[in-house]
Amino acid sequence: MLDKLQLLKIARTPMPFGKYQGRMLVDLPEEYLLWFHRKGEFPKGELGQLMQLTLELKIDGLDSLIKPLKR
(Lines give C-alpha, C1' and ligand atoms only; values in the text may rest on other atoms or scores of the structure.)
Protein backbone atom coordinates (compact mmCIF):
# COMPACT_ATOMS: atom_id res chain seq x y z
CA MET A 1 0.00 0.00 0.00
CA LEU A 2 1.44 3.34 -1.03
CA ASP A 3 1.54 6.03 1.58
CA LYS A 4 0.70 9.59 0.46
CA LEU A 5 3.54 11.00 2.54
CA GLN A 6 6.03 8.64 0.85
CA LEU A 7 4.82 9.79 -2.57
CA LEU A 8 5.26 13.44 -1.58
CA LYS A 9 8.76 12.69 -0.28
CA ILE A 10 9.70 10.96 -3.55
CA ALA A 11 8.52 14.04 -5.44
CA ARG A 12 10.17 16.60 -3.15
CA THR A 13 13.33 15.00 -1.72
CA PRO A 14 16.58 15.89 -3.48
CA MET A 15 19.25 13.24 -3.89
CA PRO A 16 21.81 14.22 -1.23
CA PHE A 17 24.95 12.84 -2.90
CA GLY A 18 26.52 11.45 -6.05
CA LYS A 19 26.20 12.05 -9.74
CA TYR A 20 22.58 13.23 -9.45
CA GLN A 21 22.95 15.29 -6.26
CA GLY A 22 20.15 17.85 -5.99
CA ARG A 23 17.83 16.07 -8.42
CA MET A 24 14.46 15.02 -6.95
CA LEU A 25 14.19 11.27 -6.36
CA VAL A 26 11.33 10.95 -8.86
CA ASP A 27 13.63 12.46 -11.52
CA LEU A 28 16.48 9.99 -11.00
CA PRO A 29 17.12 7.82 -14.06
CA GLU A 30 15.80 4.28 -13.76
CA GLU A 31 19.27 2.98 -14.74
CA TYR A 32 20.81 4.76 -11.73
CA LEU A 33 18.30 3.18 -9.34
CA LEU A 34 18.82 -0.22 -10.99
CA TRP A 35 22.56 0.16 -10.36
CA PHE A 36 21.89 0.42 -6.60
CA HIS A 37 19.49 -2.53 -6.84
CA ARG A 38 22.01 -4.72 -8.67
CA LYS A 39 24.69 -3.90 -6.09
CA GLY A 40 22.19 -4.66 -3.33
CA GLU A 41 23.31 -1.48 -1.62
CA PHE A 42 20.62 1.16 -1.44
CA PRO A 43 21.51 3.75 1.20
CA LYS A 44 20.48 2.90 4.76
CA GLY A 45 17.32 4.32 6.31
CA GLU A 46 14.49 6.28 4.79
CA LEU A 47 16.47 7.48 1.75
CA GLY A 48 17.15 3.91 0.66
CA GLN A 49 13.51 2.93 1.20
CA LEU A 50 12.33 5.88 -0.88
CA MET A 51 14.82 5.07 -3.64
CA GLN A 52 13.60 1.45 -3.75
CA LEU A 53 9.99 2.61 -3.93
CA THR A 54 10.92 5.08 -6.69
CA LEU A 55 12.46 2.23 -8.69
CA GLU A 56 9.33 0.10 -8.27
CA LEU A 57 7.15 3.00 -9.44
CA LYS A 58 9.37 3.60 -12.47
CA ILE A 59 9.35 -0.09 -13.41
CA ASP A 60 5.55 -0.06 -13.18
CA GLY A 61 5.38 3.16 -15.24
CA LEU A 62 3.75 5.12 -12.41
CA ASP A 63 6.42 7.79 -11.86
CA SER A 64 4.51 10.20 -14.12
CA LEU A 65 1.73 10.26 -11.51
CA ILE A 66 4.18 11.61 -8.91
CA LYS A 67 5.84 14.35 -10.98
CA PRO A 68 2.86 16.75 -10.55
CA LEU A 69 3.45 16.63 -6.77
CA LYS A 70 6.79 18.44 -7.13
CA ARG A 71 6.90 22.05 -6.00
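Reader: Which residue follows H2, and what is its phi near?
Author: Welcome to this predicted model, where local features need pLDDT of at least 70, side-chain atom pairs count only at pLDDT 80 or more, and totals for chains, interfaces and linings use all residues. Residues are numbered from 1 along each chain as its sequence is written, and side-chain values use heavy atoms, leaving out hydrogens and water. Helices here are DSSP runs of H or I with at least four residues, numbered from the N terminus. After H2 comes Gly-40, with a positive phi near 70°.

Reader: How wide is the arc that holds the buried residues of H2?
Author: In H2 (residues 30–39), the buried residues (under 20% relative accessible area, 1.4 Å probe, protein chains only) are Tyr-32, Leu-33 and Phe-36. They line one face of the helix, because the directions from the helix axis to their C-beta atoms fall within an arc of 100°.

Reader: Which exposed residues does the face of H2 turned away from its buried side carry?
Author: Exposed means over 50% relative accessible area. The buried residues of H2 pack against H3. On the face turned away from the buried side sit the exposed residues Glu-31 and Arg-38.

Reader: Is Thr-54 buried or exposed?
Author: Thr-54 belongs to helix H3 (residues 45–59). Leaving aside neighbours within four places in sequence, Thr-54 is in contact (heavy atoms within 4.5 Å) with Ile-10, Leu-25, Val-26 and Leu-33. Because its relative accessibility is 2%, Thr-54 counts as buried.

Note on methods: Helices (H or I, at least four residues) and strands (E, at least two) are DSSP runs, numbered from the N terminus.
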